[in-house]
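Trainee: Before we settle on any labels, could we go through the reasons behind them, one at a time?

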Amino acid sequence: MTEFNFSTLIRAEGIRKNYRTGKVITEALKGIDLNIRRGEYVGIMGKSGSGKTTLLNMLAGLDSLTSGSVLIGRTDIHGMNENERARWRGENLGFIFQSFHLLPGLTLLDNVMLPLDFIGKYEEKKSRDAAMMLLEMVELEAHVNKYPSEISGGQQQRVAIARALISEPQILLADEPTGRLDAGTSEIIFNLFDQIFANGMTMIIVTHDNSLEKRFQRVIRLHDGLIVSDEKAGDS
Ligand code: ADP
Ligand code: MG
């Protein structure tokens, strides 16, 4: 049994994930136990192929488990059906991806408001004001009517951060959020993450970039589908 504590937000037990490709089975996760407390800033690190993306997807309910369980608050996320889980994700999680995933046919403002539509919380003026506030936070208020193709990759990722926050999620998750950005632009993105964390967000960021290790409050290292270390800043 992993420890239970009222501030535990995510409780993952015995997570295994096998992928099957034809006759080949890949054991991507081989038994992961993990507790994440509310307000933690966690980096999931490890080499390419170690299972980082798979673990993030399991914690977020983006894909099914082979075995194990994930509780977020009191919700058993793998116990819900596909529709319930999609809705729950929309209301509770914010996602940031390596390739930004903005819709090219929508303005930046409309991209940021889009998740509210999905969870049925769109209200014309209120949503617009909230999206404008977030676009100000990421310093793109002068560009709100542009389309994604008209701004840089770093700016697109800032829009994606604003979009991830519009539904006021409990947890912000990112998979290699700076994987396509240069060092200077990555710095801007991580400074934004610091700001979001300082405002109380629980954050889980996946990266294979060892130079980012010091940015996190807690670092979980994966190797070959298992956790090989789990250290808080200040641990020696
Ligand atoms: P990381 O994000 O650390 O690079 P992944 O979680 O993507 O690692 O992958 C872990 C392992 O699972 C790798 O061996 C990878 O090839 C395999 N894998 C990931 N996704 C799939 C998939 N959809 N089908 C088959 N194998 C997969
Ligand atoms: Mg990955």
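**Contacts and pairing**

Mentor: In this predicted model, a backbone N or O atom of Ser50 lies 3.2 Å from an oxygen atom of ligand 1, and the protein covers 62% of the 560 Å² of accessible area that ligand 1 has on its own.

Trainee: What makes the approach of Gly51 to ligand 1 a polar contact?

Mentor: A polar contact is a pair of N or O atoms within 3.5 Å; a backbone N or O atom of Gly51 lies 3.1 Å from an oxygen atom of ligand 1, so the pair qualifies. The backbone of Gly49 meets the criterion too, with an N or O atom 2.7 Å from a ligand 1 oxygen atom.

Trainee: Why are eight residues of the shell around ligand 1 counted as polar?

Mentor: The shell includes Thr21, Ser48, Gly49 and Thr53, and because Gly is placed among the polar residues, as are the others that are neither nonpolar nor charged, the count by class becomes two nonpolar, eight polar and two charged.

Trainee: How do you know that β4 and β5 pair?

Mentor: Pairing requires at least two bridges; two bridges join β4, residues 67-72, to β5, so the requirement is met, and the two strands run antiparallel. Leu71 stands opposite Asp76 in β5.

Trainee: Why is β5 called an edge strand?

Mentor: In the open sheet the order is β2-β1-β4-β5, and β5, like β2, pairs on one side only, which means that both are edge strands. On this sheet packs α1, touching β1, β2 and β4, with its direction at about 125 degrees to that of β1.

Technical notes
Residues are numbered from 1 along each chain as its sequence is written. Chains are lettered from A and ligands numbered from 1 in the order in which they are written. This is a predicted model: local features need pLDDT of at least 70, side-chain atom pairs count only at pLDDT 80 or more; totals for chains, interfaces and linings use all residues. Side-chain values use heavy atoms; hydrogens and water are left out. A residue is near a molecule or strand if one of its heavy atoms lies within 4 Å of it. A polar contact is a pair of N or O atoms within 3.5 Å; within protein, one must be able to donate a hydrogen and the other to accept it, and residues adjacent in sequence count only if both atoms are side-chain atoms. Accessible areas come from the Shrake-Rupley method with a 1.4 Å probe; for residues, only the protein chains shown count as cover. Helices (H or I, at least four residues) and strands (E, at least two) are DSSP runs, numbered from the N terminus. Contact means heavy atoms within 4.5 Å. Axes are lines fitted to C-alpha atoms, for helices over the stretch in contact, and angles run from 0 to 180 degrees between N-to-C directions.
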